[in-house]
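User: Could you take a close look at the metal site in this structure and walk me through it? I'm in my first year, so please spell out the terms as you go.

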Amino acid sequence: MRTLISGGTVVSPAGAALSEVLIEDERVVALAAPGSEMAASFCAGANVIEAAGLLVLPGAVDVHTHMELPFGGTYASDTFETGTRAAAWGGTTTIVDFAVQRKGEPLRTGLDVWLAKAEGNCAIDYGFHMIVSDVNEQICKEMDVLVGEGVTSFKLFMAYPGVLYSTDGEIFRAMQQAAQSGATIMVHAENGIAIDVLVSQALARGETAPRFHGTTRPDLLEAEATARAVALARVAGAPVYIVHLTTTGALEAVAEARRAGQNAFAETCPQYLFLSSDDLARDGFEGAKYVCSPPLRAREHQANLWRGLRTDDLSIVSTDHCPFFFKEQKELGKEDFSKIPNGLPAVEHRVDLTYQGVRAGEITLSRWVEVNATTPARMFGLYPKKGVIAPGSDADIVVYDPNARHTISASSHHMNVDYSTYEGREVIGQARWVLSRGRLVIQDGRYVGDKAHGRFLARGTNQYLL
Ligand code: URP
Ligand code: ZN
Ligand code: ZN
């Protein structure tokens, strides 16, 4: 099967150029300048996607999603089927989700559960990180086995005591193991022990509304934990990746480590670039829609996060997609903010939202592609299969209309959740055609995908290590 994407502007981290893109079966086979002899040869027997006036992008790679995550007595409401479909609508063609090790169980048991959930249910390709909630010598050996099987990154939590939390010693031990295998240790960097004290004190004062989720998780406790995670990784000699970074102080800790030449990396998420603690403080229980951890911060942090994206101290924008219905799920915390399941719906809107940053001059077009597709693929061992349009790469491609206007709403989004944190927000720019390994998933604004199409991706290690 031959497909030609004709007349579009191919965007990469290196720049943008008019280019004809030829796909055969699952792969990109050639690019050529329009009007060239080579381009003329592409047409024979090809289905043509007319892309004049449109951008041709490598499919976006979201390295932080939680489909069906058990959390706070309930489950994230997107299944792999609904979540990967929504991702494709928004121009994402690969997700890396988190398999969870339950305390006392081998890593393999958790991974098998998540592989079974995903298998046969994904419209796009997927990989897994492993959440380690129980570090011991046996588990460290298992980490090495998983690296050999393509699960090359492990998330550890300084937050959520009693659930997913690990002590500094446990995190340090996992980092030592990663230093040997080349695995990346991802850290949820909030001081959960101090936060739990603040939460108990707030509840004892009768402070039960959603906004107290934010006041009991102050930004300094993220900055402190980030600095600690980076220091532990430095001593252990392991690559460290700070997930969902939200604050100026935490960013400074990462930037300082990077200036010192450490393998320290970080991501932020659209909710920290576009939403704020004002949303969490909305009237009544409305703020529950915005409860996630780390919490939404004061608007002042946003300009610094954009700066971090420009300077590469923030390397990636991922979503931390973890949706819960407002009705019955977020409502579990109606009388007590600490019982509101943590997480927001986001997987569908990352590409469009960050494109608003391009329009506003916060990042360039090339940087937009880099933070959404190329860097996540490189950081998590998927490049050059994913994250680039080049001969030999998987034909994961988004044909993007940079002038399409649309309004984000729960009534039109495709995520399995009854509200949108961006309800009524008009954005400019939208994916029109989305291909996953050469197969159409979105065809001129229509879903034509297949839940049996997506394949598990065995990943290599981080390609940025110094
Ligand atoms: O609020 C969040 N972020 N929920 C998902 C779990 C996590 O900590 O990433
Ligand atoms: Zn987290
Ligand atoms: Zn997460």
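Analyst: Here is a walk through the two zinc ions, followed by the nonpolar cores.

First, some ground rules: this is a predicted model, where local features need pLDDT of at least 70 and side-chain atom pairs count only at pLDDT 80 or more, while totals for chains, interfaces and linings use all residues. Residues are numbered from 1 along each chain as its sequence is written, chains are lettered from A and ligands numbered from 1 in the order in which they are written, and side-chain values use heavy atoms, with hydrogens and water left out.

Let's start with the zinc ion (ligand 2). Its protein donors are Lys 155 (NZ), His 188 (ND1) and His 244 (NE2), at 2.1 to 2.3 Å. (Donors are N, O and S atoms within 2.8 Å of the metal, or 3.2 Å for Na, K and Ca; water is not among the atoms, so sites may look incomplete.) Along the chain, these donors follow the spacing K-x32-H-x55-H. Lys 155 sits in strand β13 (residues 153-157) and His 188 in strand β14 (residues 184-188), so the pair ties together parts that are 33 residues apart in sequence. (Strands, E, at least two residues, and helices, H or I, at least four, are DSSP runs numbered from the N terminus.) Both Lys 155 and His 188 are buried. (Buried means under 20% relative accessible area, exposed over 50%, and partly exposed in between, using a 1.4 Å probe and protein chains only.)

Now for the zinc ion (ligand 3), which lies 3.8 Å from the zinc ion (ligand 2). His 64 (NE2), His 66 (NE2) and Asp 320 (OD) coordinate the zinc ion (ligand 3) at 1.9 to 2.1 Å, and the spacing of these donor residues in sequence is H-x1-H-x253-D. His 64, in strand β8 (residues 60-65), and Asp 320, in the loop between β17 (316-317) and α13 (350-359), link distant parts of the chain, 256 residues apart. His 64 is buried at a relative accessible area of 0%, and Asp 320 counts as buried at 9%.

What about the nonpolar cores? (A nonpolar core is a set of buried Ala, Val, Leu, Ile, Met, Phe, Trp, Tyr and Cys residues joined through side-chain atoms within 4.5 Å.) The largest has 128 residues, and Phe 154, Met 175, Ile 242 and Trp 368 touch the most other members. Helix α8 (residues 219-236) gives this core its largest share, seven residues. Apart from it lies another core, of 15 residues, with Val 10 and Trp 433 among them.
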